[in-house]
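Subject: Structure handover

Hello,

Here is the structure I promised to pass on. Please have it open while you read the notes below it.

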Amino acid sequence: MKVNLGPPGWPSLEMMIRTLVLGLFLVGSTSALDSAWLPNDSYGTDEAAAQQFASDYNHTAEQVLYLSVEASWTYNTNLTDYNSAKQVEAAGIEQEFNYVWGKKAKELFLNTYGNFTDLELKKVIESIWTLGVANLVESERNQVSATPSSPTHDICKANIF
C-alpha cells in the first residue's frame with residue numbers, strides 16, 4: 001500500500017524513500033568530473049585569455065549538456081529506476097561542471113573583466129560564473145538532482161487490471 005503524505009500528485013512515502021536511498025547511493029558513487037571536461041590551468045586573466053576560456057567552455061559544455069539531455073530524454077521516454085538513476089547522475093555531472101567552470105571564471109576574471117572591451121564576452125563570462133544550483137553544497141545538489149525524476153516516475157505509473 002502506498003501512503004501519500006502530501007497533497008494529491010506528491011510522491012508516495014515509498015517513492016520518497018527510494019529517492020533518498022538513490023540519492024545516498026549516488027553521493028557515494030558520484031565520480032569526479034571527467035578530466036577532459038575540466039578547465040586547464042594555463043589561462044591568463046586578460047581579455048584574450050577570457051576569449052579562449054569562453055571558447056573552451058562552450059565546446060566542453062556542448063558535450064556535458066548533450067549527456068544530460070540524452071539521459072533526461074531516455075528517462076522521460078522509458079520510466080525505469082535505472083534510467084532515473086542515470087538522469088540523476090547526468091544532472092550531477094552537469095552541476096559539477098557548472099561549479100568547476102564557474103569557480104574558475106571567478107578566480108581568473110573577476111578583477112579584470114571590467115576592463116574588457118568586448119561586451120558580449122563580458123556577458124558570457126558573467127553567465128559562466130553565475131552558478132545557480134551549483135552554489136549548493138554537494139549533498140543539496142544531489143537532492144535537487146534526484147527530485148525531478150521521482151514525482152514523474154510515481155505519477156506516470158499505472159496499474160492495468
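What follows is a short account of the fold, then the helix packing, then three residues of interest.

**Overall fold**

Please keep in mind that this is a predicted model. The protein chain has six helices and zero strands. From the N terminus on, the order is therefore simple to write: α-α-α-α-α-α. The chain has 161 residues, and 35% of them are buried. About 9,900 Å² of the protein chain is exposed. Carbon and sulfur atoms supply 58% of that area.

How much of the contact set joins residues at least 24 apart in sequence? The share is 74%, counted among contacts between residues at least 6 apart.

**Helix H2**

H2 covers residues 47-77, which is 31 residues. How does its span agree with the expected value? At 1.5 Å a residue, H2 should span 45 Å. Its end C-alpha atoms are 44 Å apart, so the two values agree.

H2 has a long list of buried residues, which I split here for reading. Towards the start of the list are Ala49, Ala50, Phe53, Ala54 and Tyr57, all buried. The list goes on with Thr60, Ala61, Val64, Ser68, Ala71 and Tyr75. As background, an α-helix has 3.6 residues a turn, so residues three or four places apart point the same way.

**H2 against H3**

H3 runs over residues 81-109. H2 and H3 pack at an angle of about 165°, and their axes are 8 Å apart. Angles over 145 degrees count as roughly antiparallel, so H2 is roughly antiparallel to H3. The crossing of H2 past H3 is left-handed.

**H2 against H4**

H4 spans residues 119-129. Here the packing angle is about 55°, with the axes of H2 and H4 10 Å apart. That angle makes H2 oblique to H4. H2 passes H4 in a left-handed crossing. Which residues make the contact? From H2 they are Glu47, Ala50, Gln51, Phe53, Ala54 and Tyr57. From H4 they are Leu121, Val124, Ile125 and Ile128. Of the H2 residues in this contact, Ala50, Phe53, Ala54 and Tyr57 are also on the buried list.

**Three residues to look at**

*Lys104.* This residue sits in H3. Is Lys104 buried or exposed? Its relative accessibility is 14%. The cut-off for buried is under 20%, so Lys104 counts as buried. Setting aside residues up to four places away in sequence, Lys104 touches Pro39, Asn40, Asp41 and Phe53. Phe53 is one of the buried residues of H2, and Phe53 also takes part in the contact with H4.

*Asp56.* This one is in H2. Asp56 has a relative accessible area of 21%, so it is partly exposed. Beyond its neighbours within four places in sequence, Asp56 is in contact with Asn40, Tyr43 and Trp101. Asn40 is also touched by Lys104. Asp56 and Leu38 are 18 residues apart in sequence, and their C-alpha atoms are 9.7 Å apart in space.

*Gln63.* This residue is in H2 as well. Its relative accessible area is 33%, which makes Gln63 partly exposed. Where does Glu94 lie relative to Gln63? The two are 31 residues apart in sequence and 9.9 Å apart in space, C-alpha to C-alpha.

Best regards

Methods:
Residues numbered from 1 in each chain as written. Predicted model: local features only at pLDDT ≥ 70, side-chain atom pairs only at ≥ 80, totals over all residues. Heavy atoms only, no water. Helix = DSSP H or I, 4+ residues; strand = E, 2+ residues; numbered from the N terminus. Buried < 20%, exposed > 50% of the residue type's maximum accessible area, 1.4 Å probe, protein only. Contact = heavy atoms within 4.5 Å. Areas by Shrake-Rupley, 256 points an atom, 1.4 Å probe, with all protein chains shown as cover. Expected span 1.5 Å × (residues − 1). Axes fitted to C-alpha atoms, helices over the stretch in contact; angles between N-to-C directions. Parallel < 35°, antiparallel > 145°, perpendicular 65-115°, else oblique. Left-handed = near helix turned anticlockwise from the far one by under 90°.
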